[in-house]
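Okay, thanks for coming, everyone. Let me put a structure up on the screen and walk you through a few spots in it.

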Amino acid sequence: MFTPPTINHPFTDEMLDFTEGDIMKAIEEIKSNAASGPDEIPVILLKNCKESLAKPIHLLWSRSMEKSDVPDFYKFSHVFPLHKKDSRALAANYRPISLTSHVIKVFERVVRKKMVDYLELNNLICGRQHGFRSGRSCLTQLLHHFDNVLEALTENSDFDSIYLDYAKAFDKADHKLLVKKLTLYGIHPKIVKWVESFLTNRTQSVVVDGTLSLLALIISGVPQGTVLGPILFLIFINDIEHCIIHSIVRCFADDTRISIAVKSEKDVQLLQSDLENVMKWSERNNMALHRDKFEYMCHTFNKRNVLFELPFVSECYQYHVSKDITLQPVHQLRDLGVLVSKDLSWSPHIKSIANKARQKASWVLSVFHHLNAHSLQVNGSKSP
């Protein structure tokens, strides 16, 4: 466990205060089409009656924060399995959608804002983390990465990147470690105790065709379907940057990549060292890694370098995950939804997007009995 930097702006009692106005603002932020949780309280009711409901909701969560106790009823969630692909008989082919009460989500928004304001004010979140942060996205993460790639190539260097793969990262976050990290980051003790109660004794039931399964206790992980879950996960994984000494780390939530500009075998060794440090960090933090799913991409400056044609030289430019697993460079991979090629050609990604567009267009056109100009006329507009 690392020691966080000096905190210039402590989390004071005044920063902890919240008002009925904060509750109403949080209610306004809920999407109107958001599904109801186990209490079946619809969003439209909260929005239309926010002035009347703000006071009782404020009293409820003020008492909860004061006592550092979250009622068990609000720690229960319904899980709806959403089929992704392939066989419907395999549970692995479903994505779980977790729904919790909007009443607690309202207060979670209040707590999250206070935590985020404090963390950003003290610059405590890793600058290379682009997930779940205002003003950052998949796009900003990819732009920073390719800026590093192009900078290396213009300096006559190769650029190696290793893409890590965590096994159900959000479900594996250790609650005790998370509470310790919240304390080390200087989060107000009342919020820390409240979050500890928020994480403890959570239960869920799977809903299929209106039938509920038996209750299951959630013993680890940040709660899915909650407002606080993403920021809690960022805090849990935030100190990974401190174990990466020589290379560049970039993250989008749990999607993590470590990279380095390579001019010699020494640079490869430095990236290998950081890779080993990351794996040790994962073990210390009880985070399981799919080591056989790691991917390695090398953007090469000199594609015809005769050095690599010499015997045994290529073995000096390899990365080892374990004694049995050696990473081999791939020609293409998917990075945050974008197909990336080792030669930085965007043709594969453009082709993939074009194929999806054709499939959508084909699906839309299939509902027309006739494909004449009159049938395809939209909103009474004239065909060209």
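Here's a question to start: leaving aside its neighbours within four places in sequence, which residues is G186 in contact with? Have a look while I mention that this is a predicted model. Right, the residues that G186 touches are I7, F11 and Y118. You'll find G186 in the loop between α8 and α9, where α9 is residues 189-199. G186 counts as partly exposed, with a relative accessibility of 24%. There's also L119: it sits 67 residues from G186 along the chain, yet their C-alpha atoms are separated by 9.1 Å.

Since α8 just came up, let's stay with that helix. Helix α8 covers residues 175-184, and it packs with helix α10, residues 229-237. The angle there is about 80°, and the axes are 9 Å apart. So α8 is roughly perpendicular to α10. And who's actually meeting whom? From α8 we have L177, L178, K181 and L182, and on the α10 side they meet L232, I235 and F236. If you sort that contact by class, you get six nonpolar residues, one charged and no polar ones.

Now scroll back towards the start of the chain, to helix α2, residues 20-29. Its buried residues are I23, A26 and I27. Looking down the axis of α2, those buried residues fall within an arc of 100°, so they line one face of the helix. A bit of background helps here: an α-helix has 3.6 residues a turn, so residues three or four places apart point the same way. What do the buried residues of α2 pack against? Three helices: α3 (43-48), α4 (50-67) and α5 (102-121). And at the N-terminal end of α2 there's a cap, T19, with a side-chain oxygen 3.3 Å from the backbone nitrogen of G21.

Last stop, a lysine. K75 lies in the loop between α4 and β1, the strand at 76-83. Is K75 buried or exposed? Its relative accessible area is 3%, and buried means under 20%, so K75 is buried. Where does its side chain go? The side chain of K75 reaches the backbone oxygen of S197, at 3.0 Å. Setting aside neighbours within four places in sequence, K75 is in contact with a whole list: V70, S197, F198, T200, N201, R202 and T203.

That's my tour, so over to you.

Conventions: Residues are numbered from 1 along each chain as its sequence is written. This is a predicted model: local features need pLDDT of at least 70, side-chain atom pairs count only at pLDDT 80 or more; totals for chains, interfaces and linings use all residues. Side-chain values use heavy atoms; hydrogens and water are left out. Buried means under 20% relative accessible area, exposed over 50%, partly exposed in between (1.4 Å probe, protein chains only). Helices (H or I, at least four residues) and strands (E, at least two) are DSSP runs, numbered from the N terminus. The arc is that of the directions from the helix axis to the C-beta atoms. Contact means heavy atoms within 4.5 Å. A polar contact is a pair of N or O atoms within 3.5 Å; within protein, one must be able to donate a hydrogen and the other to accept it, and residues adjacent in sequence count only if both atoms are side-chain atoms. Axes are lines fitted to C-alpha atoms, for helices over the stretch in contact, and angles run from 0 to 180 degrees between N-to-C directions. Angles under 35 degrees count as roughly parallel, over 145 as roughly antiparallel, 65 to 115 as roughly perpendicular and the rest as oblique. Ala, Val, Leu, Ile, Met, Phe, Trp, Tyr, Cys and Pro count as nonpolar, Asp, Glu, Lys and Arg as charged, and the others, Gly among them, as polar.
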